[in-house]
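Let's take a tour of a protein model, starting where its two chains meet and ending at a sheet inside one of them. Keep the 3D view open as you read.

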Number of protein chains: 2
Amino acid sequence: MSSPADTAPGGAVRQASLREINLALLLGRIAAAPRPPSRAELATATGLTRATVSAVVDDLIGGGLVTEAEPAPRTGAGRPARGLLLAGHGPAGLGLEINVDYLAVCVLDLAGAVRHRTVHRADLRPLSPAETLARVAELARRARVDAEAQGLTLAGAALAVPGLVGADGVVRLAPNLGWREVDVPALLATRPPLTGAVPGLPALVVENEANLAALGELHAGQPGVTDFLYVSGEVGIGAGIVLDGALYRGARGFSGEIGHLPVHPEGRPCRCGGRGCLEPYAGQEAILTAAGLTGTDVAGDAVRLARLATGGDAATLAALAGAGTALGVAVAGVVNLLDLDTVVLGGCYAPLARWLIPPVTAELSRRVLAAPWSPVTVRPALLGGDAAVVGAAGSVVRRVVARPTAWLARAG
Amino acid sequence: MSSPADTAPGGAVRQASLREINLALLLGRIAAAPRPPSRAELATATGLTRATVSAVVDDLIGGGLVTEAEPAPRTGAGRPARGLLLAGHGPAGLGLEINVDYLAVCVLDLAGAVRHRTVHRADLRPLSPAETLARVAELARRARVDAEAQGLTLAGAALAVPGLVGADGVVRLAPNLGWREVDVPALLATRPPLTGAVPGLPALVVENEANLAALGELHAGQPGVTDFLYVSGEVGIGAGIVLDGALYRGARGFSGEIGHLPVHPEGRPCRCGGRGCLEPYAGQEAILTAAGLTGTDVAGDAVRLARLATGGDAATLAALAGAGTALGVAVAGVVNLLDLDTVVLGGCYAPLARWLIPPVTAELSRRVLAAPWSPVTVRPALLGGDAAVVGAAGSVVRRVVARPTAWLARAG
């Protein structure tokens, strides 16, 4: 809970940070509780005195982070205890997503409810990065107006991008967008700020879209599932790797490039410059081409493919079977390497999961050495195609919950 | 340092475990120090009083875990401080390795010196698991006699096996040995114990060979290198994944099966039942076959290949180039997925690294998306072909260092 800076030599906690620790501790408990806990239950669970709990909870309520549930029905003597839950007003997170064929924006409140959502469909490849970011900024501006009209204050933004993103927010490479060394924070700095500033919290985080989607899925999923591979199918294919309840980012934050796992080493050329990568076999455009649907606009393609497959269109079914087999070959490699027991199909794979899961599972059974002892579950993303943008907004919300004093200092 | 059981509610450390914590703390400091620290330096580094340090160090010296360095030359007034280092007598670790074409045994003392080493070369595939384990037990018996003659006491054993090993020590599958559901602890239990018993420490740990080799490499390597892929080439190909200074084992301990990463999905059949895995393209037997060396006995083959390659034998050079390319395809996939900056070639790949590194590096440059920002170092294992058996013995030694009270209770 406390960072090293909060701890004096010898392990004693400095007085100044005690309040900060208790605020974060109780807010975290309220956020994680399966049903709204009472002040008394929080005292029992944390070992803090009831007086301390009451004082800290009052601060959290006063700052708009926590609210009291409707009074419980009176079941015995005395005043019924009121449950505490995260506020649906106060701070909210702004999630943004740039993909090859759409932009998306969403606002999530602390309680996890989506309060605003827009998807802007367009092939973004002809646009310059500055033009694309201008559209993103305009979508963000409208989302902010809508959020403020609902009494919410945006506490920060996270932007999902399909590519390699440095810790400085510079997109090193997004091959399917044609981006290379795009300094997103610098390009956005010339425009009005996306959100209100909260000292101590980042105003904007730029992150790989599959990583943010995996985080969204982690927090939307069953509490027990802490290790999984999230595969995000779009024009490109990315992956987020969650190990032990945390995103695994790799040495420089560039992990998860499953789209460039070789499936036919000397096969089709790939936009990355290599050959035989997964992407030209199982990316959204590869599926469209195999289904005989080239030349159409890229918007809404997963839905169109699902409709054709439901109707029994032979070319579409064959295209999905082929993509599923290629995906299964790559995923089997990952499972052999990392021994993960859950694989989540997201992005355009979510609505197509019904046709992709059988060939993926067939390759896993055939290729995973530990399959007899270690069955692998393959399932569609709980958040469907929205996982990245919802995960982005959720990452902002979780930063507020983890450091409530940052928000309270601003509000106060 | 302390497990949850050592900590009373509220975070207070129970008195009984304080000595245990201090013993482990100081022994760990002595083990990690770049040069033998004095008692005064330990007191400064840990914040313990000099009296406590002296008492704890006396216990460690008395129990045979620590020894004093030769007196430093007198440089000023007063008695020169004597440096403390791990003892080269006292407890030692027994490392054992079963591979397809050899058995190996080694004894490592606390100071990390190899005190005994035997390699028994033979094709073990015709033998039953019980027959193979009988040979292992006989090698272990001789190693124990030799260790005891040197004043060492074996504190436990670790056995490296090329396959999937359950947490219970049962080898679920070792395809190249033809083992399936082999209960190693049960089969060894019918024989005299391999080592003396130390209550609180496991007498025998069975573990995947690439995992133990990766741990050996981690502790033999530069202190700063905490994230790498260790690839172990033998008849089979395994990998150990080290993330943030710790072995990544996966959901059930079955991680690292790089040998079954597909490199030509519908290509050569593999012993695992799949097709086109890395192993039939870059395993030791695949290299021998490609070099026109089939039908020979399997002992000493890496050395033979290295000799032929050094002499410019065209078939051998082509075989190594082909194996290196296949290995590079698979390793590029792993690096794209995990964003690791170091790849270590071990097992039979260590003596062949000179010929394998160029094609591996070529595939990495070609296929790794982040290569321009995240250069990958490929190098031979520091421990050469011994990494697994040395890593096995080292894992025993590190357990003693992590829990000195277990050893001291036995010794006292």
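Chain B and chain A each put 46 residues into their contact, where contact means heavy atoms within 4.5 Å. Before going on, note that this is a predicted model: local features need pLDDT of at least 70, side-chain atom pairs count only at pLDDT 80 or more, and totals for chains, interfaces and linings use all residues. Residues are numbered from 1 along each chain as its sequence is written, chains are lettered from A and ligands numbered from 1 in the order in which they are written, and side-chain values use heavy atoms, with hydrogens and water left out.

People often give the size of an interface as the accessible area lost when the parts come together. Here the two chains bury about 4,200 Å² between them, and 63% of that is on carbon and sulfur atoms. (Buried area is the accessible area, with a 1.4 Å probe, that two parts lose on being put together, summed over both.) On chain B's side, L337(B), L369(B) and W373(B) supply 20% of the area buried against chain A, more than any other three residues.

What about charges? There are 2 salt bridges between the chains, each a side-chain nitrogen of Lys or Arg within 4 Å of a carboxyl oxygen of Asp or Glu. R252(B) and D341(A) meet in a salt bridge through their side chains, at 3.4 Å from N to O.

Which element gives the most to the side of chain B that touches chain A? That's α10(B), with 6 residues. Helices (H or I, at least four residues) and strands (E, at least two) are DSSP runs, numbered from the N terminus. Here's that side of chain B sorted by class:

| Class | Residues on chain B's side |
|---|---|
| Nonpolar (Ala, Val, Leu, Ile, Met, Phe, Trp, Tyr, Cys, Pro) | 23 residues |
| Polar (the others, Gly among them) | 11 residues |
| Charged (Asp, Glu, Lys, Arg) | 12 residues |

Now over to chain A, which has an open sheet of 5 strands in the order β5-β4-β3-β6-β10, with mixed pairing. Two strands pair if DSSP finds at least two bridges between them. The edge strands, β5 (114-121) and β10 (204-208) of chain A, each pair on one side only. From one strand to the next, the twist averages 15°. β6(A), residues 152-161, pairs with β10(A) in the parallel sense over 5 bridges, and A160(A) stands opposite E207(A) in β10(A).

Notes: Axes fitted to C-alpha atoms, helices over the stretch in contact; angles between N-to-C directions.
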